[in-house]
Amino acid sequence: MNSSCAATFVRSASRKSVALSRPKQIRSYSSLPRPYRFHVGTSWAGKPHDPRGPRVKSSPFPPDSPIGKWRDQMLSKPNAPAGKHIGEDFFYVQDMREKSGISLGVADGVGGWTESGVDPSLFSQALMYHAHRYSKAAWPGEPEVDPTQEYEEREQVEGWELTPLECLESAYGGVLRERNVLAGSSTACVLTLNASNGLLRAANLGDSGFLVIRASSVIYQQRSQTHFFNCPKQLSKLPTSPKRFSRACVDNPSDADLCEMKLRHGDIVIAYTDGLSDNVFPAEMVAICSLVARQFQLSKRTITSVGEQEAEQVSEDLEAQAMAERIVDYARMCMFNHKRVSPFERAAAREGMYFRGGVSGPLTFVLVQEADRLRLQKVDE
């Protein structure tokens, strides 16, 4: 998915001719160029089925329902490692109004609900669907208008500014109203990227998160939010049955940690659920991204001048996809390696607990790199 400069809104220099010919309904948007472009790659691999685990009688969203259609569309993206099996996680990537930026998010359905016969994937899918729905018509910053237009024309600009927190609140409300989601919980991380100024804004609830890599160094990493070890903060919907769910955690979107920062050329932003952060160290993510980038840099030297811009665009898209698949492949290997020290093992040791090796579970990963200006990549496992 690419976001390039917006089309220019052209207004006649003659005020009289405009008054005679313009339609009554005018959609105004900025004619200023947007220098940031986003290249998207996706990949995922869900948690393998445990035959010893509880069986859940799931009723997935029908393929002809709005959420079912959107879910299948997202899963139709290229994905080499594990086909269409995504497990309890889900994600979205959405161009915002007039291609003014991109909104994206990852959600990790809480697997503990399977013990109560609840399919945790329905909550995360619905949460991401409603986040996509609300961000589609919104702006990542203040609504853009053409400064050369009259005041009345500028007042007719459509859409509204939607912050990641507002997006998360609206999406959560949509899940609570969703009849097909009887119960469930999920962590969530929602980000917006502004194509005009490169501003990143984020809202994170739970042990999902994101980090920023600049010049092969991690300059920022979002902290996890937990009630206690391995129990993250989470958005929840409790069933209406008389059965009590005393162990359920019910947090609010307002509890999310907020972040706002300006990206620079070459920055890499990785948003993830705990399936990645429990198994792969940040330094390893940096190494994989650098390796893929060097490989594609060598291939770019063979591009001829004929169609050079188009070829470079395709190459950047392929590079994003390659990074996605490489990191997912590596994360899957780490999950089942019980001889390698994992981030989860170290976190457990700090709590006085013993755990060995990687953690098997679903993972969602998003990578954003500024190329010509920004490149976006997303991986889900």
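Good morning. Four elements, β7 (226-228), α6 (274-277), α7 (282-300) and α9, each contribute at least two residues to the lining of the second largest pocket. I begin with this pocket, and I should say at once that the model before you is a predicted one.

How much space lies in the second largest pocket? The volume is about 550 Å³. Its lining consists of 22 residues, and those that lie nearest the centre are Ser224, Asp278, Pro343, Ala347 and Arg350. Helix α9 supplies the largest share of this lining, namely 5 residues. Sorted by character, the lining holds 10 nonpolar, 6 polar and 6 charged residues.

Let me stay with helix α9, and turn to aromatic rings. A pair of aromatic rings is described by two quantities, the distance of the centres and the angle of the planes. In this structure there are 7 aromatic pairs. One of them joins tryptophan 70 and phenylalanine 90; the pair is tilted, with 5.4 Å from centre to centre and 50° between the planes. Tryptophan 70 belongs to helix α2 (residues 66-75) and phenylalanine 90 to strand β1 (residues 89-95), so this pair ties together parts that are 20 residues apart in sequence. Are these two residues buried or exposed? Tryptophan 70 has 6% relative accessibility and therefore counts as buried. Phenylalanine 90 is buried as well, with a relative accessible area of 0%.

Another pair brings us back to α9. Phenylalanine 344 and phenylalanine 355 meet edge-to-face, 4.9 Å from centre to centre and with 80° between the planes. Phenylalanine 344 sits in helix α9 (residues 343-350), while phenylalanine 355 sits in the loop between α9 and β12 (364-369), so the pair ties together parts that are 11 residues apart in sequence. With a relative accessible area of 9%, phenylalanine 344 is buried. Phenylalanine 355, at 29% relative accessibility, counts as partly exposed.

The rings are also found in a group. Trp44, Trp70, Phe90, Phe91 and Tyr129 form one aromatic cluster, and you will recognise Trp70 and Phe90 from the tilted pair. A ring may have a charge for a partner, too: the charged end of arginine 133 sits over the ring of tyrosine 134, at 4.5 Å from the ring centre.

I now come to charged side chains that meet one another. How many salt bridges does the structure hold? There are 8 salt bridges. I shall show three examples.

In the first example, the side chains of arginine 71 and aspartate 72 meet in a salt bridge, at 3.1 Å from N to O. Arginine 71 is buried, its relative accessible area being 9%. Aspartate 72, in contrast, is partly exposed, with a relative accessible area of 33%.

The next example links aspartate 267 with arginine 214, and here the closest N and O atoms are 2.7 Å apart. What does this salt bridge tie together? Aspartate 267 lies in the loop between β10 (257-262) and β11 (268-272), and arginine 214 lies in strand β5 (residues 209-214), so the pair ties together parts that are 53 residues apart in sequence. Aspartate 267 counts as buried at 1% relative accessibility. Arginine 214 is buried too, with a relative accessible area of 18%; the value falls in that class because buried means under 20%.

The last example returns to helix α9. Arginine 356 and glutamate 345 meet through their side chains in a salt bridge of 3.4 Å, N to O. Arginine 356 is in the loop between α9 and β12 and glutamate 345 is in helix α9, so this pair ties together parts that are 11 residues apart in sequence. Arginine 356 is partly exposed, with a relative accessible area of 38%, whereas glutamate 345 counts as buried at 12% relative accessibility.

Finally, I turn to helix α7, which we met in the lining of the pocket. Valine 292 has its place in this helix and counts as buried at 1% relative accessibility. From valine 292 to glutamate 319 there are 27 residues in sequence and 7.0 Å in space, C-alpha to C-alpha. Cysteine 289 also lies in helix α7, and it is buried, with a relative accessible area of 2%. Cysteine 289 and alanine 320 are 31 residues apart in sequence, and their C-alpha atoms are 9.3 Å apart in space.

Thank you for your attention.

Definitions and conventions. Residues are numbered from 1 along each chain as its sequence is written. This is a predicted model: local features need pLDDT of at least 70, side-chain atom pairs count only at pLDDT 80 or more; totals for chains, interfaces and linings use all residues. Side-chain values use heavy atoms; hydrogens and water are left out. Rings of Phe, Tyr and Trp (its six-membered ring) pair if their centres lie within 6.5 Å; planes under 30 degrees apart count as stacked, over 60 as edge-to-face and the rest as tilted. Buried means under 20% relative accessible area, exposed over 50%, partly exposed in between (1.4 Å probe, protein chains only). A charge sits over a ring if NZ of Lys or CZ of Arg is within 6 Å of the ring centre and within 35 degrees of the ring normal. A salt bridge is a side-chain nitrogen of Lys or Arg within 4 Å of a carboxyl oxygen of Asp or Glu. On a 1 Å grid over the protein atoms alone, a cavity is a set of points where a 1.4 Å probe fits but cannot get out, and a pocket is an open set with protein on both sides within 12 Å along at least five of seven lines; lining residues have an atom within 4 Å of a point. Grid points are joined across faces, edges and corners, and a volume is the space filled by probe spheres set on the points. Ala, Val, Leu, Ile, Met, Phe, Trp, Tyr, Cys and Pro count as nonpolar, Asp, Glu, Lys and Arg as charged, and the others, Gly among them, as polar.
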